[in-house]
Amino acid sequence: MKRIQLKPLSRIEGEASLEVLLDEKGRFRDLRLKSDLFRGFERFCVGRPVEEMPFLASRICGICAEAHYLASLKALDQIFDRPPPPEVRRIRRVFFLAGFLRDHLTVLSLFAAPDLVARSPSPEAFGGLKDLGLWEDFLEIRRALKEILELVSGRKLHGGGGVPGGWLKALGPEETTEIKRAVSRVHRGIKRFSDLWQEELFRSLDSRNTSPSLGKKKAFLALSPDFVEGRLCGVLRKRRLSFEDYREAFTETVSGEETPTLTVFQGGHTYVVGPWARFVLWPSPKTPSLRDLHEMILECLKQSENPFSGVLHFLRVYELVLAAERLKEAVADLGPFRPVSDEVSVPARREGVGLVEAPRGLLVHHYEVDARGRLSRVRIFTPTAQNYRALLEDLKEFFEKAEKISEKVLKQAEKIVRAYDPCIPCMLHLLKLDNSGTS
Amino acid sequence: MKIALYNALSCGGCDLIFFLEDLPGSFLEDLEIVFWPEVCDHREEVLRNLPEKGLEAALICGAIRTRDQEKRVLLLRNKARRLAAVGSCALYGGIPGLLWEKGEGPRPVTEVVSCEVAVPGCPPEPKTLREALEALLREEDSGGKDRGPVCEECPRTRRPFRIGRLKKWGGEEVLSGDCFLARGIICSGPVTRGGCGAVCPGAGYPCGGCYGPLEDLAGERLLSALASGVLPARADEFLEGLVDPVGTFFRFFLARSPLLRLRKRRDEEDTA
């Protein structure tokens, strides 16, 4: 048996390596995705006060910190029975969407760009983006997003202010105006950015050999029709389903320390979460700019049940525009804010579940607490862990079709990994089920 | 300037990717990135094939838990003339260091190799990172050790305090603009080194201590400061509210705490 290692996989979030096993004749046998990023959040958070959890959860992942923060906060709202009033929901939404946009923007600009420009990109760092003439736009949108996050949460990353049912960062009239101004800059920047990307993506989709294809998918899962306040919905073999509890939708099959928890859709099917699932499950948009883009992608997906991996990046461009629209709507009636949340020290319920649509898909934070509000069980299902089985299946299918595992084939395989946009720090923080109690 | 970047056991939030909009354009243009998996297609061989001290600098984020991570950091120490440890995990073990309470956990990078430049924070504030990179370019060592506590930068009003019951949060407390400790909310500001501009207390939530201990025994010092403020008649009430002393006093630096060394020694004695 021969072993080929891609170490590390490049241009993804966090470090991982891909190990491909070949038989004596050089044919594909098996593969493994490996990473050293296990940090044990589900274990060391047990015993700590549950209200600390958003602060800790944010540190699970610096890339989608805002999504973890909000999912955690939603679980807290339930545990303390404090539904957030509309003005708090609005602020949390602005916080979440700014983080969401930063994530998609970064993935497209830095990770995907060199794969997608039709011509070969300059070898220097950030070459793909500079070739497209998008470098300055990229920095300008990021600056505006940073301002929004600092104003809303105090810091550009791992900021906060969330308490059960509330938010502690006050907003004065000037800060509100600044947020609105920054959101306009984001909106304008994304428009320019997505126009250029669309041209480039179409060009790259025409030259099909640049983008390997993905396997056919039967099941999709997402909150619909909103990133934060949607209901849990799924599609299985074109049949639409809705769920009251995430546990009706998927179950865990394998869970091991230092390997991701594998989850399967009801009936044991492999499923997909993230931009693709949202596209399948959410209604068509009404805004003209989004409608055209939506129809173009729909057309691409209709052409083949095995879409080219580049289509997933196209979906991210679509979601950039969509999230920028929703951010603009969210700040339209944003006014000055004074925190009012009073302390409640005793949990009203022993269990809380928070769901959000993180950039990579459905994110679940599920906590159990004791009478004093100390965490007795922490379960976190990240989108990357949920997509893991689909990614492995697609990679296997791709390698099985390849006649020879050449350097070129390995580069193509890396594009499949990137299309799924895995977030390795998120994926590996899990624990064995039999180890979930307090120690 | 030839440079390498590596994220060991990290959430990814200290990676330079997060600071692109904060860095001077000239800085990015002068860089020749030899190894940075997040933005370039280079594999590990690139590093191994470099001559000794062939890199001008390397930036390391995250803590060290596996042998592979340790080997990578030792390799970077060998190849880079100057090393910068970026973020709380690299410097103190950070939040994942809390895993030590369960018996095992990661080590700070600074306990594996010596680093010329220390960049504290979870994540560092852009200003902190910019200053550190400038020090790196000027070939100066920088540890930020000359700073006072976060309290010196805090916009809230300092007051002498007596503590009865500990509070978790409250809108009233935030809006008052008073020192959190004076309002019965635990804040790590007095024992945490400054440089962040007290961004968290300024935004309405107490300091979590991410810039690291101002002096040795920072956790013990905070406990001592609180204990001296507790009203004796309400000591039981205070203790009742102190749900998670380890997480509260050693949040970002348990991996470096002498308490941990004591526990390890005790565990070893038990096994022997």
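Two residues are taken to be in contact if their C-beta atoms, placed from the backbone, lie within 7 Å. With that in mind, a good place to enter this predicted model is the meeting of its chains A and B, where 58 residues of chain A are in contact with 50 residues of chain B. On the chain A side, the elements that give two or more residues are helix H1 (41-44), helix H2 (53-58), H4 and helix H6 (135-153). Of these, H6(A) gives the most, with five residues. Sorted by class, this side of chain A has 21 nonpolar, 16 polar and 21 charged residues.

Within chain A, three strands form an open sheet in the order S1-S2-S3, with antiparallel pairing. Strand S1 (2-6) and strand S3 (28-34) are the edge strands of this sheet, each pairing on one side only. On average, and with direction ignored, neighbouring strands are turned by 20° against each other. In general, the strands of a sheet are joined through backbone hydrogen bonds, in either a parallel or an antiparallel manner. Here, S1(A) pairs with strand S2 (residues 17-22) of chain A in the antiparallel sense, over five bridges. One residue pair helps to locate this pairing on the structure: A:Gln5 has A:Glu19 in S2(A) as its bridge partner. A helix from much further along the numbering also belongs to this picture, as helix H12 (residues 383-401) of chain A lies across S2 and S3 of chain A and runs at about 145° to S3(A).

Helices of chain A also pack against one another. Helix H3 (residues 65-79) and helix H4 (residues 86-116) of chain A pack at an angle of about 150°, and their axes are 8 Å apart. Angles over 145 degrees count as roughly antiparallel, and H3(A) and H4(A) are therefore roughly antiparallel to each other. From H3(A), the residues A:Ala65, A:Glu66, A:Ala67, A:Leu70 and A:Leu73 meet A:Arg92, A:Phe95, A:Phe96 and A:Gly99 of H4(A). The residues of this contact comprise six nonpolar, one polar and two charged.

Turning to chain B, the chain is divided into domain 1 (2-137) and domain 2 (150-255). Taken over C-alpha atoms, the centres of these domains of chain B are separated by 30 Å. Their contact takes 20 residues from domain 1 and 14 residues from domain 2. On the domain 1 side, helix H4 (residues 88-92) of chain B gives the most, with three residues. By class, the side of domain 1 that touches domain 2 has 10 nonpolar, seven polar and three charged residues.

Conventions. Residues are numbered from 1 along each chain as its sequence is written. Chains are lettered from A and ligands numbered from 1 in the order in which they are written. This is a predicted model: local features need pLDDT of at least 70, side-chain atom pairs count only at pLDDT 80 or more; totals for chains, interfaces and linings use all residues. Two strands pair if DSSP finds at least two bridges between them. Helices (H or I, at least four residues) and strands (E, at least two) are DSSP runs, numbered from the N terminus. Axes are lines fitted to C-alpha atoms, for helices over the stretch in contact, and angles run from 0 to 180 degrees between N-to-C directions. Angles under 35 degrees count as roughly parallel, over 145 as roughly antiparallel, 65 to 115 as roughly perpendicular and the rest as oblique. Ala, Val, Leu, Ile, Met, Phe, Trp, Tyr, Cys and Pro count as nonpolar, Asp, Glu, Lys and Arg as charged, and the others, Gly among them, as polar. Domain bounds come from an automatic or database domain assignment.
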